[in-house]
Amino acid sequence: MPTNVLVAYGTTNGSTAEIAEAIAGVLRKEGLTAEALPAGAVPDVAAYDAVVVGGGLYAGHWHKDARRFVRRNGKALGERPLWFFSSGPLDPSASERDIPPVPGVKKAVDRLDAREHVTFGGCLREGAKGWVARMILRNGKGGDFRDFERIEAWAAKIGHELTLV
């Protein structure tokens with residue numbers, strides 16, 4: 001049974017990190033050892049039995065740290081149970097319907113035979129970094145659209161799959 005799970009994430013303003021922490025917390029409640037770490041801070045995945053990778057979406061692309069992590073660790077990721085998540089829509093759409101992965105993430109899902117990809121709503125708060133984020137906020141389009149019940153249910157499903165292996 002895989003016991004040591006990495007939840008790696010790429011984030012700019014911290015909301016994807018909060019999703020990753022929630023996922024790792026649920027996995028720990030399921031009896032697994034799990035840690036959430038910034039994707040750029042993980043040199044390799046050799047110490048982990050399973051991996052969840054998440055990235056914030058920016059202009060139709062996954063966060064650069066998540067993309068680089070997957071490229072850097074592709075072979076090893078393909079050899080262990082793997083899940084992907086994205087966070088980004090600044091509206092309730094991610095809780096209302098399944099949103100497919102953006103093209104770059106879809107290629108990684110297929111190439112590495114990831115078990116699943118899910119898109120969660122995003123969060124953009126006052127004080128966010130980046131001029132695009134500030135413009136979105138200035139136009140009144142910010143807010144927190146993360147659905148933590150859905151996030152935690154997805155994480156519990158992963159935990160259940162891993163404890164059945």
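This report describes the surroundings of selected residues in a predicted model.

## Aromatic rings around Phe 85

A pair of aromatic rings is described by the distance of the centres and the angle of the planes. The count in this model comes to 4 aromatic pairs. In one of them, the ring centres of Phe 85 and Phe 120 lie 6.0 Å apart with the planes at 50°, so the pair is tilted, an angle between the cut-offs of 30 degrees for stacked and 60 for edge-to-face rings. This pair links distant parts of the chain, since Phe 85 belongs to strand E5 (residues 82-87) and Phe 120 to strand E6 (residues 116-120), 35 residues apart. Both positions are buried, Phe 85 with a relative accessible area of 0% and Phe 120 with 1%.

Phe 85 also pairs with Trp 154, where the ring centres are 6.3 Å apart and the planes stand at 70°, so the arrangement counts as edge-to-face. Because Phe 85 lies in strand E5 and Trp 154 in helix H7, the pair ties together parts that are 69 residues apart in sequence. Trp 154 is buried as well, with a relative accessible area of 6%, and Phe 85, Phe 120 and Trp 154 form one aromatic cluster.

## Arg 146 and its acidic partners

Arg 146 is found in the loop between strand E8 (143-144) and helix H7 (148-164). Its relative accessibility is 10%, and because buried means under 20%, Arg 146 counts as buried.

The side chain of Arg 146 makes polar contacts with two acidic side chains: one of 2.5 Å joins Arg 146 to Glu 18, and another, of 2.8 Å, joins Arg 146 to Asp 144. When residues up to four places away in sequence are not counted, Arg 146 touches Ser 15, Glu 18, Ile 19, Gly 121, Gly 122, Cys 123, Arg 125 and Ile 151. Glu 18 thus appears both as a polar partner of Arg 146 and in this list of contacts.

## Ala 8 in strand E1

Ala 8 is found in strand E1 (residues 4-10), where this alanine is buried with a relative accessible area of 0%. With residues up to four places away in sequence left out, Ala 8 touches Leu 37, Ala 39, Val 52, Val 53, Gly 54 and Phe 69.

A distance relates this position to the aromatic cluster described above: the C-alpha atoms of Ala 8 and Phe 120 are separated by 16 Å, with the two residues 112 residues apart along the chain.

Note on methods
Residues numbered from 1 in each chain as written. Predicted model: local features only at pLDDT ≥ 70, side-chain atom pairs only at ≥ 80, totals over all residues. Heavy atoms only, no water. Helix = DSSP H or I, 4+ residues; strand = E, 2+ residues; numbered from the N terminus. Buried < 20%, exposed > 50% of the residue type's maximum accessible area, 1.4 Å probe, protein only. Polar contact = N/O pair within 3.5 Å; in protein donor to acceptor, adjacent residues only side chain to side chain. Contact = heavy atoms within 4.5 Å. Phe/Tyr/Trp six-rings, centres within 6.5 Å; stacked < 30°, edge-to-face > 60°.
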